[in-house]
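Trainee: Could you take me through one part of this model closely, with its neighbours and with some care about confidence?

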Amino acid sequence: MKKTILVAFMAISGFYGVAQSDSGFGIKGGLNYNANGDYFESAGDAARNPDRNVGYHVGVFGKFGASKVYVRPELVYTKTKSDYDGADFDMSKLDVPVLLGINLIGPLHVFAGPSFQYILDTEFDGVTIDDVENDFSVGMNIGAGVSLGKFGIDLRYERGFSDNEASFINTNITNLGPSRIDTRPDQLILSLSLAL
């Protein structure tokens, strides 16, 4: 009986300690701005056509750690759109960022970490995609955010490390051989989150 009470007390203390460390899980969603080449050129294109390279994401996250340092794994479905000379390249993927964060002053925090991507589907206007070289790739997330109680907002930059290309055949021009486009992520991501 004493052992049962002691184990129950330790379990409750452990749950209380986890609750005090701001650990938990939640949902997130937001917009992605996918860039091609130089960001400054892409920003000018975005000002002229703001919906050209905008995608979205939805997912879940966990947060573990103390009040100063935390680990935040995420599972996110992402849909991106990129413009290549007037044609749209759409990609659907699963992202798994594993972020290490530091709480700074007040609600402000910064984070960085690897992001593992699995490409689900690709589509390019007017062409048939033969194959993406690697369905699985690795990248890096780095960013900052603000937490206001259960709500949070963050802005991050994502860049793929793994060389990854999609080969395609133009169905309108039959005398040209296959071409390739770089499918590595290079994007700004704006997210809203809700801790549950």
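Mentor: What follows is a close look at one strand, its two faces and its pairing partners.

The model is a predicted one, and strand β8, the part I have chosen, spans residues 151-160. In a regular strand the side chains alternate between the two faces of the sheet. In β8 the covered face consists of Gly152, Asp154, Arg156, Glu158 and Gly160, while Phe151, Ile153, Leu155, Tyr157 and Arg159 make up the uncovered one.

Turning to the neighbours, β8 is joined by 10 bridges to strand β7, residues 136-148, and these two strands run antiparallel. Within that pairing, Asp154 of β8 is the bridge partner of Gly145, and the two strands form a hairpin with 2 residues between them, where Gly149 in the turn has a positive phi of about 70°. β8 also pairs with strand β11, residues 186-195, again in the antiparallel sense, over 9 bridges, and here Ile153 stands opposite Leu192 in β11.

As to confidence, the chain averages a pLDDT of 75, with 59% of the residues scoring at least 70, and the mean ranges from 42 in helix α1, residues 2-20, where it is lowest, to 94 in strand β2, residues 54-65, where it is highest. Two stretches stay under 50: residues 1-21, for which the model has 4 contacts beyond four places in sequence, and residues 172-177, for which it has 1 such contact. Where pLDDT is low, the predicted coordinates should not be read in detail.

Technical notes. Residues numbered from 1 in each chain as written. Predicted model: local features only at pLDDT ≥ 70, side-chain atom pairs only at ≥ 80, totals over all residues. Heavy atoms only, no water. pLDDT = per-residue confidence, 0-100. Helix = DSSP H or I, 4+ residues; strand = E, 2+ residues; numbered from the N terminus. Contact = heavy atoms within 4.5 Å. Buried < 20%, exposed > 50% of the residue type's maximum accessible area, 1.4 Å probe, protein only. Pairing = 2+ DSSP bridges.
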